[in-house]
Amino acid sequence: MQNNATDKLSPLKKLTTEQQDLVNQIINFTDQHLQNNYPAIFTIYGDAGTGKSVVLSALFDQMQKLRHDKNSNFYQTNNYFLVNHPEILKVYKQIAGSLPELLKKNFQRPTSFINQLDKKQKKADIVIIDETHLLLSKPDHYNNFYHDNQLVEVIKRSKVVILVFDPYQVLKMKTLWTKDRLEKITHSYPYKKYYLKHQFRMNASSDLIDWFNSFTENMIIKPIPDNATKNYDFRIFDDAEKMRKEIVKRNKEVGLSRILSTSGYPSTLDGGKHYIQEGKFKMPWDQYNYTSTPWAEIPETINEVGSIYTCQGFDLNYTGIIIGPPISQVPGQNKIQVNLDKITDIEMFKKRKDLTDPTEIKKLEERMVLNSLNVLFKRGIMGTYLYAHDPLLRKTLVSLFKNKQNKSK
């Protein structure tokens, strides 16, 4: 079993016919626009787990090979691969260290890329952006970014930009994106777009994927699909500690199994760590990862709770997900509600000068909270376990799961 992210994102991984056709399509698009003196943009849309990063990895590798071909328009082009996620960037740099055509210096964070090109007074030819939904869309002192929009600045410094985008993975106000906001920028240039729809990551049935989506997109608690556990280990727990013990078992069996949680747990520093407590369950949040190894691949992190910051973009074999205090059930209805006053992630809702309508702001903030849960829902390849903090939601989910089990007997 491949548990390394480097193996899963390797350009050597065999692509499906659709993926290879898409790579060829983008290479042709790039070839046509490289000689122009204005930018062109190719956008790939796709939900979590639809193979967006796999396509980009293979694409960049093929382009970097073409830059050594004297008969190609790609010959000696100056190309970069950008991602605004430190954990994913580590994986790409590891891959670059193992293949001669890929250099670590070509894989960068967007701000580093912008500042470096400005310092050298140079432009890039081709820029590939993974996780475009993580690009800054406002100035951010913390990231030393003082322009208004990272995508706009990358396009200004490039001939062809290839990007992937998922509006349901937008998680913070400083990285606020919608499809409309994106296309207002991309459609100002020659552009092409493509939609990836096949779910590669999860072995779950399409009905269970729809159930997850209905929960986070429509805020409706539907009955558990009859085939939810067919070829997939889906469970709902009424005890977070029991769920943790099951995840530890799965980790011993197949590895890469972790507990994950939404925001909503106030800081209760104990021994310098921020703990999450649910009954007998007590574990610390993920710590900042100073190593070159992704968080989930460090054996000791079985004793930590992962967040969107450490698991977004990665595969896990099994996930035990804690649905925290910001999400609860509406009494008397099979609907969920978002409790913005329970959010403990202070980075999530930084104010923006371009947003002043309280109703719009509230709607966007609620969407980001639900997006963060959707990101967690889409991690588990072989299984997903759930536990809800809200007593009413927990009771409803456990009851629905028991009903599903009784129907299956």
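This is a guided tour of one predicted model, stop by stop.

**Before you start**

Local features in this predicted model need pLDDT of at least 70, side-chain atom pairs count only at pLDDT 80 or more, and totals for chains, interfaces and linings use all residues. Residues are numbered from 1 along each chain as its sequence is written, and side-chain values use heavy atoms, with hydrogens and water left out.

**Stop 1: helix H7**

Select residues 179–186, helix H7. Helices here are DSSP runs of H or I with at least four residues, strands are runs of E with at least two, and both are numbered from the N terminus. Colour by accessibility. Buried means under 20% relative accessible area, exposed over 50%, and partly exposed in between, with a 1.4 Å probe and protein chains only. The buried residues of H7 are Leu182, Glu183, Ile185 and Thr186. They cover an arc of only 155 degrees around the axis, so they sit on the same side of H7. That arc is taken from the directions from the helix axis to the C-beta atoms. Turn to the other side of H7: Asp180 and Lys184 are exposed there.

What do the buried residues of H7 pack against? Show strand S1 (40–46), helix H6 (150–156), strand S5 (160–165) and strand S6 (191–196). Contact means heavy atoms within 4.5 Å.

**Stop 2: salt bridges around H7 and H6**

Stay with Glu183 and add Lys193. Their side chains meet in a salt bridge, 3.3 Å from N to O. The pair links distant parts of the chain, with Lys193 in strand S6 and Glu183 in helix H7, 10 residues apart. The cut-off: a side-chain nitrogen of Lys or Arg within 4 Å of a carboxyl oxygen of Asp or Glu. Glu183 is buried at 13% relative accessible area. Lys193 is partly exposed at 33%.

Move to helix H6. Select Glu153 and Lys156, whose side chains form a salt bridge at 3.2 Å, N to O. Both lie in H6, 3 residues apart, about one turn of the helix. An α-helix has 3.6 residues a turn, so residues three or four places apart point the same way. Glu153 is buried, with a relative accessible area of 6%. Lys156 has 47% and counts as partly exposed.

**Stop 3: Lys65 and Glu101**

Select Lys65 and Glu101. This salt bridge spans 4.0 Å, N to O. The pair links distant parts of the chain: Lys65 is in helix H3 (residues 52–66), and Glu101 is in the loop between helix H4 (86–96) and strand S3 (107–108), 36 residues apart. Lys65 is partly exposed at 45% relative accessibility. Glu101 is buried at 14%.

For a network, select Asp233, Arg235, Glu246, Lys249, Arg250 and Glu253, which are linked by salt bridges. How many salt bridges does the count come to? It comes to 23.

**Stop 4: aromatic rings**

The whole structure has 18 aromatic pairs. Rings of Phe, Tyr and Trp (its six-membered ring) pair if their centres lie within 6.5 Å; planes under 30 degrees apart count as stacked, over 60 as edge-to-face and the rest as tilted.

Select Phe60 and Phe107. They form an edge-to-face pair, 5.3 Å centre to centre with 80 degrees between the planes. Phe60 lies in helix H3 and Phe107 in strand S3, so the pair ties together parts that are 47 residues apart in sequence. Both Phe60 and Phe107 are buried.

Next, select Phe212 and Phe234. Their ring centres are 5.8 Å apart and their planes stand at 80 degrees, so this pair is edge-to-face. The pair links distant parts of the chain: Phe212 in helix H8 (residues 206–218) and Phe234 in strand S7 (residues 233–236), 22 residues apart. Both Phe212 and Phe234 are buried. Extend the selection to one aromatic cluster: Trp211, Phe212, Phe215, Phe234, Phe377 and Phe401.

**Stop 5: Asn374**

Keep Phe212 on screen. Add Asn374 in helix H11 (residues 358–377). Is Asn374 buried or exposed? At 6% relative accessibility, Asn374 counts as buried. Leaving aside neighbours within four places in sequence, Asn374 is in contact with Phe212, Asn213 and Thr216.

**Stop 6: Phe281**

Finish at Phe281 in strand S11 (residues 281–284). Phe281 is buried, with a relative accessible area of 0%. Beyond its neighbours within four places in sequence, Phe281 is in contact with Ala240, Glu241, Arg244, Ile259, Ile276, Val305 and Ile322. Now draw a distance to Asp315. The C-alpha atoms of Phe281 and Asp315 are 24 Å apart, with these positions 34 residues apart along the chain.
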